Amino acid sequence: LYLRNNAQGAHFPSSGQASIAIRGVPRTTRTLVMVDGQPINNALSGGIDLSAILLDNVRRIEVVRGPQSALYGSDAISGVVQIFSKRADEETKRPRGEVTLEGGSYSHFSGSAGLHGRHGRFDYSGLFSHWETDNSVPNSGLNSSSLSSTFGLELTPGSSLSMLGRRERIHAGVPGPT
């Protein structure tokens, strides 16, 4: 599994377009990327830009490669990357909030705020994240925001109904002559 960043001269690695290649297949169009079971590859080109996905509300990431990826169809020739959002645990009885703030050099700031909980058969999770930096090269700044939410209802002990929502927004500067 290789994660390649196409930014040139940027100080932070996620300030450009990020792509993924599995099993030596260089084209992103051969790797299926799914968030909470839903494919997020571009419907026309099959490609995906992973730089806008912030990991604050990610519970786990699974990578399927080899013959098992054939189960996911022709979009997964080289493999499948599955990203799972955080959900409330079975033990969670009260709402649980979380807030994070970080700062650093090159005007780096990141923060997130979220709420997770469960009430009876209903569970919910929501998180807003923001990440920004000016980087070391003029006009190579990055401003990225993400809003993700999940709502679930347990119908029977073995089945559930879920509604998922995600919104990513990214703005990246283009370094060049100043």
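The legends below describe close-up views of a predicted model.

**View 1. The second largest pocket and its lining.**
The space in this second largest pocket comes to about 180 Å³. Its lining is made up of 16 residues. Those lying nearest the centre of the pocket are Arg87, Glu90, Arg118, Asp123 and Ser160. By kind, the lining residues divide into 7 charged, 6 polar and 3 nonpolar.

**View 2. Strands that contribute to the pocket lining.**
Two or more residues of the lining of the second largest pocket come from strand E10 (142–156), and likewise from strand E11 (159–172). E10 gives the most, with 4 residues.

**View 3. An open sheet of 4 strands.**
The strands of this sheet follow the order E4-E3-E6-E5, and their pairing is mixed. Strand E4 (38–39) and strand E5 (58–65) each have a single partner strand and stand at the edges, so one side of each has no neighbour in the sheet.

**View 4. The pairing of E3 with E6.**
Strand E3 covers residues 31–35 and strand E6 covers residues 79–85. The two strands run parallel and are joined by 5 bridges. One of the facing pairs can be picked out here: Ile83 in E6 stands opposite Val35.

**View 5. E10 and its pairing with E9 and E11.**
Strand E9 (residues 122–133) pairs with E10 in the antiparallel sense, over 12 bridges. Ser129 has Ser146 in E10 as its bridge partner. E10 also pairs with E11 in the antiparallel sense, here over 14 bridges. In this second pairing, Ser148 stands opposite Arg166 in E11. The connection from E10 to E11 is a hairpin through 2 residues. In a regular strand, side chains alternate between the two faces of the sheet.

**View 6. The surroundings of Ser146 in strand E10.**
Is Ser146 buried or exposed? The relative accessible area of Ser146 is 4%, and buried means under 20%, so Ser146 is buried. Leaving aside neighbours within four places in sequence, the residues in contact with Ser146 are Leu54, Leu127, Phe128, Ser129, Arg166, Arg167 and Glu168. Among these contacts, Ser129 is also the bridge partner of Ser146.

Conventions. Residues numbered from 1 in each chain as written. Predicted model: local features only at pLDDT ≥ 70, side-chain atom pairs only at ≥ 80, totals over all residues. Heavy atoms only, no water. 1 Å grid on protein atoms, 1.4 Å probe; cavity = no way out; pocket = protein on both sides within 12 Å on 5 of 7 lines; lining within 4 Å. Points joined across faces, edges and corners; volume = space filled by probe spheres on them. Nonpolar A, V, L, I, M, F, W, Y, C, P; charged D, E, K, R; others polar. Pairing = 2+ DSSP bridges. Buried < 20%, exposed > 50% of the residue type's maximum accessible area, 1.4 Å probe, protein only. Contact = heavy atoms within 4.5 Å.
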